[in-house]
Amino acid sequence: MFDAPAPGPMFRSLAVASALTLLSSCADAPAQNPASAPLSQVSQPVANPTATPAPPRAALPALSFSAWRDGFRREALAQGIDAATFDHAFAGVTPDPSVINADRSQPEFTRPVWEYLEGAISPYRVRKGQALMAEHAATLDAIEQRFGVDRETLVAIWGMESSFGQFMGDKSVIRSLATLAYEGRRPEFAHAQLLAALQILQHGDIQPGSMLGSWAGAMGQTQFIPTTYNSHAVDFDGDGRRDIWNSSADALASAAHYLRASGWRNGRPASLQVQLPQGFDYAHADAEIRKSVAQWQAMGVEVGPQGAGLTHESASLLLPAGHRGPAFLVLDNFRAILKYNNSSSYALAVSVLGQRFDGGGQIAGSWPRDERPLSRSERVELQESLAAAGYDPGSPDGIIGANTRKAIRGYQQRLGWPADGHPNQDLLERLRKGR
């Protein structure tokens with residue numbers, strides 16, 4: 001299993017986080033920082049549409065939409081939104097049922113990590129990214145000079161978030177966020193994003209009819225949510241507007257600004273594929289365990305020539321498919337990508353795709369392709385079984401996060417299995433037998 005992408009760099013809110021973890025139900029990501037990263041449209045693992053249960057029914061709000069809108073209008077005006085901006089933005093706006101359906105859906109199945117990565121770093125995406133790097137070389141030169149973020153990573157994010165601007169979402173951001181603020185599962189998040197969206201309109205960066213995005217309110221070529229847009233979007237082409245929809249220069253520079261603020265270090269890789277020694281203690285594959293590259297090498301981890309000059313860099317060990325799959329050391333820049341989208345699979349895809357643009361990024365070793373990923377209901381059962389066995393995975397929500405992985409490691413150690421924290425069918429079957 002792997003943690004699937006949350007909404008892009010501006011999605012770090014519980015509302016967006018839960019939406020993404022539902023889309024990527026094998027998700028295993030650290031707690032997200034609310035409203036700090038964009039919603040990834042292209043990068044998310046795709047659920048099996050035939051296996052998606054019908055969204056649960058929910059009670060309708062006590063207020064009518066018009067009454068809610070009038071109350072929100074009073075609040076928006078009190079916070080500095082002028083009446084003309086509000087009325088123009090809300091002209092003809094009604095709740096969007098498809099947004100509510102998306103908000104409440106919980107796909108049962110997702111793609112395994114190797115299929116996700118193969119799609120993310122497809123030959124087409126590599127060729128397209130290389131062509132765009134050549135086409136936008138002057139702009140990327142200027143962005144690198146100003147923000148200190150390498151072009152390969154920026155173009156990789158561009159490809160992951162919107163397929164280089166081809167798929168940015170076609171829903172009205174105002175209508176989507178108004179729907180979620182009125183009757184969504186996380187109205188507080190949507191409420192804050194809706195106010196931020198009105199501030200964008202009032203600033204004059206975009207018109208309401210052109211402010212399009214995902215059902216969750218992520219926008220533009222880099223899929224920023226409104227609050228992150230307001231704090232990190234950049235007018236890089238000098239036309240007086242921060243236009244992440246129509247200006248690739250603005251979109252790429254905005255992503256660079258966000259990564260720099262997230263701790264990006266110029267000239268450093270995000271990840272290194274490594275070889276683990278025989279008898280390695282897989283319990284060290286924990287995002288919370290950080291050692292210098294030199295310390296990992298002293299434990300027998302083979303870094304190879306790519307690790308030259310990185311001996312003092314802090315790194316964690318990542319096993320995206322457990323001990324049977326490839327292993328990676330992930331560094332500070334990997335953690336910066338996680339702040340853009342809090343999924344290790346997404347961050348690994350961005351890192352490897354960026355390397356592919358320069359002819360590298362080939363993943364050595366094999367994936368456990370004979371392994372069938374757990375469905376959402378099986379992951380819930382796994383968590384409940386771990387709790388019954390005396391291990392605390394946290395809430396049985398089907399999300400394989402840090403607490404669940406810690407519980408899995410404890411149970412694996414009791415069995416004498418490789419303690420990689422990886423959920424699979426064998427582990428679930430063993431828990432079933434032990435109940």
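Helix 15 is largely enclosed by the rest of the structure, because 13 of its 14 residues are buried; "buried" here means under 20% relative accessible area, "exposed" means over 50%, and "partly exposed" is in between (1.4 Å probe, protein chains only). Keep in mind that this is a predicted model, where local features need pLDDT of at least 70, side-chain atom pairs count only at pLDDT 80 or more, and totals for chains, interfaces and linings use all residues. Residues are numbered from 1 along each chain as its sequence is written, and side-chain values use heavy atoms, with hydrogens and water left out.

**Helix 15 and its ends**

Helix 15 takes in residues 344-357, and at 1.5 Å a residue it should span 20 Å; the end C-alpha atoms are 20 Å apart, which agrees. That expected span is 1.5 Å times one less than the number of residues. At the N-terminal end, Ser-343 acts as a cap, with a side-chain oxygen 3.3 Å from the backbone nitrogen of Ser-345. This is a polar contact, meaning a pair of N or O atoms within 3.5 Å; within protein, one must be able to donate a hydrogen and the other to accept it, and residues adjacent in sequence count only if both atoms are side-chain atoms. After the helix comes Gly-359, whose phi is positive, near 90 degrees.

**The chain as a whole**

Zooming out, the protein chain has 18 helices and seven strands. Helices (H or I, at least four residues) and strands (E, at least two) are DSSP runs, numbered from the N terminus. Of the 435 residues in the protein chain, 56% are buried. Take the contacts (heavy atoms within 4.5 Å) between residues at least 6 apart in sequence: 71% of them join residues at least 24 apart. The accessible surface of the protein chain is about 17,400 Å², with 50% of it belonging to carbon and sulfur atoms; areas come from the Shrake-Rupley method with a 1.4 Å probe, and for residues only the protein chains shown count as cover.

**Two loop residues with positive phi**

Most residues other than glycine have a negative phi. Here are two that go the other way.

| Residue | Phi | Loop | Relative accessible area |
|---|---|---|---|
| Ser-163 | near 50 degrees | between helix 8 (151-162) and strand 1 (171-172) | 7%, buried |
| Gln-223 | near 55 degrees | between strand 2 (212-213) and helix 11 (226-232) | 0%, buried |

**Strand 5 and its partners**

Strand 5 (residues 314-318) has four of its five residues buried, so the strand is largely enclosed by the rest of the structure. Two strands pair if DSSP finds at least two bridges between them. Strand 4 (residues 291-292) pairs with strand 5 in the antiparallel sense over two bridges, and Lys-291 stands opposite Ala-315. Strand 7 (residues 327-330) also runs antiparallel to strand 5, joined by three bridges; there, Leu-317 has Leu-329 as its bridge partner.

**Aromatic pairs**

Rings of Phe, Tyr and Trp (its six-membered ring) pair if their centres lie within 6.5 Å; planes under 30 degrees apart count as stacked, over 60 as edge-to-face and the rest as tilted. By this rule the model has 16 aromatic pairs. Trp-68 and Phe-72 are stacked, because their ring centres are 5.3 Å apart and their planes are at 10 degrees. Why are Trp-68 and Phe-72 separated by about one helical turn? They sit four residues apart in helix 2 (residues 65-78). An α-helix has 3.6 residues a turn, so residues three or four places apart point the same way. Both rings belong to buried residues, Trp-68 at 13% relative accessibility and Phe-72 at 2%.

Tyr-391 and Tyr-411 make an edge-to-face pair, 5.9 Å centre to centre with 80 degrees between the planes. This pair links distant parts of the chain, 20 residues apart: Tyr-391 is in the loop between helix 16 (376-388) and helix 17 (402-415), while Tyr-411 is in helix 17. Tyr-411 counts as buried, at 2% relative accessibility.

Ring pairs also link Phe-65, Trp-68, Phe-72, Phe-86, Phe-90 and Tyr-182 into a cluster.

**Gln-306**

Gln-306 lies in the loop between helix 13 (293-298) and strand 5, and is partly exposed at 38% relative accessible area. What does Gln-306 contact, leaving aside its neighbours within four places in sequence? Leu-272 and Gln-273. The C-alpha atoms of Gln-306 and Leu-272 are separated by 7.2 Å, although the two are 34 residues apart along the chain. Closer in sequence, a polar atom of the Gln-306 side chain lies 3.1 Å from the backbone oxygen of Val-303.
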